[in-house]
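Welcome, and please take a moment to look over the sequence and the model before reading on. The paragraphs below walk through it step by step.

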Amino acid sequence: KTLLLYAACFFLLLLVGIRGMSKGELRLQRTLVDPLILLLVISALLSAVFSVSPIRSFFGFPHVFVLNVHAFILLLVWFWLLLQEKPNASYERLLLFAVMGSGCLASIFFLVRDLPFLGSIRDIFVFQMFQPMSNANSIFAVLTAMIATLAIGVASFRAFGTSSRVIAGFIALIQLIALLRLNFTPGWIVFCAGMIILLVIGMALLEATSVFALSFVFVCIIGAVAISWFGLPDFFHANTPIEVALGTRPTWNITWQTLAHSFKNMTVGSGPGTFLFDFSLYRTSNFNLDPRTNDIRFPQGVNAIFTILAEYGVIGIAIFAIFVLLVLGPLIESIRRGRNEREIILPTEFMALTAVTGAGWITLLFALFVTFLDFAGWFLFFTLMALTIRNLAPFLPRVLREHRFSLRGYAHYRLAVSFGIIFLCTVVAAYGVFLGRMYAGDIWYQKAEKLSGSMDPAVRISFLEKAYGYRSFESMYAMALARTTLDEARILAS
């Protein structure tokens with residue numbers, strides 16, 4: 001997923017550069033959050049430099065996603081690039097349906113994962129369950145709830161047209177079936193929150209919505225509350241692996257002790273992606289006494305907010321909060337203005353797009369307080385945030401202003417820009433090869449893990465040697481290779 005986003009950012013950066021060179025001017029969109037993006041990057045880099053494990057802070061772990069600096073900056077670059085195009089209703093609708101369609105496709109894969117002809121395709125993915133959105137089904141349930149909120153929101157607004165609303169209704173049906181099969185409580189809590197947000201927005205823009213759709217939203221709220229409280233019969237549940245998460249009180253205790261450890265931890269945190277080290281350092285003796293948890297290490301807390309606070313410190317969480325409020329404030333203002341027909345000077349489709357993307361983004365914002373997110377969750381968070389800002393621009397021009405930088409008549413400057421683009425492409429391509437090698441190593445490591453416990457460790461050793469060849473700096477691969485080699489020696493000796 002990181003590689004796919006990396007390729008998308010590279011393509012968009014190249015497109016912006018080529019378009020600027022061909023037209024003789026660079027067109028950049030200036031937003032309210034531009035200074036905050038820079039401050040977030042500086043805060044993340046500063047936290048990583050003083051981290052308890054700088055290499056983990058920059059690159060994370062191979063077996064689990066943590067919000068490391070590399071992924072965080074890449075997500076911010078993607079967010080900034082999405083804002084560089086002028087808002088267009090057709091394009092905004094296409095992006096929205098692309099987000100909903102990807103979630104629907106992942107849910108369909110999950111629902112039909114046990115069909116025999118999918119076995120060869122399933123081997124492509126390194127996840128336990130055949131759904132490419134997330135490697136944790138609880139997070140997948142949260143993202144499914146958010147996609148369902150988007151789909152029901154599209155079906156609620158008449159401005160989208162009959163065909164779009166029918167497609168959105170089908171997507172919502174698939175998401176609800178997947179949510180029933182998953183039956184994770186955090187998913188239902190987030191879905192309930194999403195429906196409440198959608199109901200509030202729909203009631204504020206009542207003349208643009210369907211009464212039947214809002215009634216269905218109210219039914220969904222009642223159903224989500226009932227399922228969260230009473231649960232579902234066992235025959236509804238899919239066969240999913242057991243997931244263990246850290247509780248709220250232990251997470252807060254570890255977060256507080258991490259911040260109170262030193263002034264450095266209080267200001268910039270222990271380092272991005274290092275909650276695993278904080279847990280090992282500050283966990284209570286109860287974890288050692290309980291046989292169910294004495295060998296478990298948690299790389300994230302119970303939710304993303306506590307984890308960010310521990311890893312990025314007070315400065316990082318404060319900048320992130322201001323970053324969110326700068327988008328949340330204009331969103332609320334646009335909905336308030338939308339209630340007054342005399343102030344609506346734009347097509348109602350932009351108003352509907354703002355309401356739907358805003359509802360989906362606020363739903364994921366609420367999810368940060370409920371659970372932690374993986375790369376797909378953060379990708380959707382920043383994507384919906386960017387789409388919300390783009391859709392707000394026609395209502396509130398101050399959130400997105402175009403600035404043009406002419407390159408005509410400056411031959412040396414244009415030559416420097418051309419060389420800069422070539423150099424950037426070279427660096428990006430080289431770094432892409434590096435990330436590709438990291439991904440290849442992870443694939444071979446996962447194949448070796450599937451053979452764990454095999455009586456013939458020779459094949460597993462060959463897989464681990466290939467993984468270590470791609471990522472020789474990864475100590476976990478070296479330890480796994482050493483253990484497997486010792487197992488082979490023990491088998492040969494016996």
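Is T31 buried or exposed? With a relative accessible area of 6%, T31 falls under the 20% cut-off, so T31 is buried. Keep in mind as you look that this is a predicted model. You can find T31 in strand β1, which covers residues 25-31. The side chain of T31 makes a polar contact of 2.9 Å with the side chain of D34. Setting aside residues up to four places away in sequence, T31 also touches L83, V399 and L400.

Now step back to the whole chain. The secondary structure of the protein chain comes to 20 helices and 2 strands. The protein chain has 494 residues, and 50% of them count as buried. What share of the contacts between residues at least 6 apart in sequence join residues at least 24 apart? In this protein chain, the share is 79%.

Let us visit a few helices, beginning with α4, which runs over residues 69-82. Its 14 residues reach 20 Å from the first C-alpha to the last, close to the 20 Å expected at 1.5 Å a residue. Helix α4 is mostly covered, with 11 of its 14 residues buried. Among the buried residues of α4 are F72, L75, W78 and F79. At the N-terminal end, N68 caps α4. A side-chain oxygen of N68 lies 3.2 Å from the backbone nitrogen of H70, and H70 is itself one of the buried residues of α4.

Helix α11, residues 248-260, invites a similar check of length. Its 13 residues should span 18 Å at 1.5 Å a residue, and its end C-alpha atoms are 18 Å apart, so the two values agree. Which residues of α11 are buried? They are T251, I254, T255, T258 and L259. Looking down the axis of α11, you would see these buried residues within an arc of 130°, so they line one face of the helix.

Helix α13 offers another case. Its buried residues are F275, L276, D278, F279 and Y282. They cover an arc of only 160° around the axis, which means that they sit on the same side of α13.

Next, turn to the aromatic rings, where the count comes to 18 aromatic pairs. One pair brings together F279 and F298, whose ring centres are 5.3 Å apart. Their planes meet at 80°, which is over the 60 degrees needed, so this pair is edge-to-face. The pair links distant parts of the chain, as F279 lies in helix α13 (residues 275-282) and F298 in the loop between α14 and α15, 19 residues apart. Both F279 and F298 are buried.

A second example is the pair of F323 and F382. Why is this pair called tilted? Their ring centres are 6.4 Å apart and their planes are at 40°; planes from 30 to 60 degrees apart are neither stacked nor edge-to-face, so the pair is tilted. This pair, too, links distant parts of the chain: F323 is in helix α15 and F382 is in helix α17 (residues 375-392), 59 residues apart. F323 is buried, with a relative accessible area of 0%, and F382 is buried with a value of 0% as well. Both rings belong to a cluster linked by ring pairs, which also includes F72, F79, Y312, F320, W361, W378 and F381.

Several of these names return in the nonpolar core. The largest nonpolar core has 126 residues, and those with the most contacts inside it are F79, F191, F323, W361, W378 and F381. Helix α7 gives the most to this core, with 14 residues. There is also a second, separate core of 10 residues, including W444, A448, Y477 and L481.

To finish, follow F191 to one of its partners. Leaving aside neighbours within four places in sequence, F191 is in contact with residues including A145, A148, L176 and C220. A148 lies in helix α7, which covers residues 137-156. Its relative accessibility is 0%, so A148 counts as buried. Beyond its neighbours up to four places away in sequence, A148 touches Q175 as well as F191. How far apart in space are A148 and M195? They are 47 residues apart in sequence and 9.2 Å apart in space, C-alpha to C-alpha.

Conventions:
Residues are numbered from 1 along each chain as its sequence is written. This is a predicted model: local features need pLDDT of at least 70, side-chain atom pairs count only at pLDDT 80 or more; totals for chains, interfaces and linings use all residues. Side-chain values use heavy atoms; hydrogens and water are left out. Helices (H or I, at least four residues) and strands (E, at least two) are DSSP runs, numbered from the N terminus. Buried means under 20% relative accessible area, exposed over 50%, partly exposed in between (1.4 Å probe, protein chains only). A polar contact is a pair of N or O atoms within 3.5 Å; within protein, one must be able to donate a hydrogen and the other to accept it, and residues adjacent in sequence count only if both atoms are side-chain atoms. Contact means heavy atoms within 4.5 Å. The expected span of a helix is 1.5 Å times one less than its number of residues. The arc is that of the directions from the helix axis to the C-beta atoms. Rings of Phe, Tyr and Trp (its six-membered ring) pair if their centres lie within 6.5 Å; planes under 30 degrees apart count as stacked, over 60 as edge-to-face and the rest as tilted. A nonpolar core is a set of buried Ala, Val, Leu, Ile, Met, Phe, Trp, Tyr and Cys residues joined through side-chain atoms within 4.5 Å.
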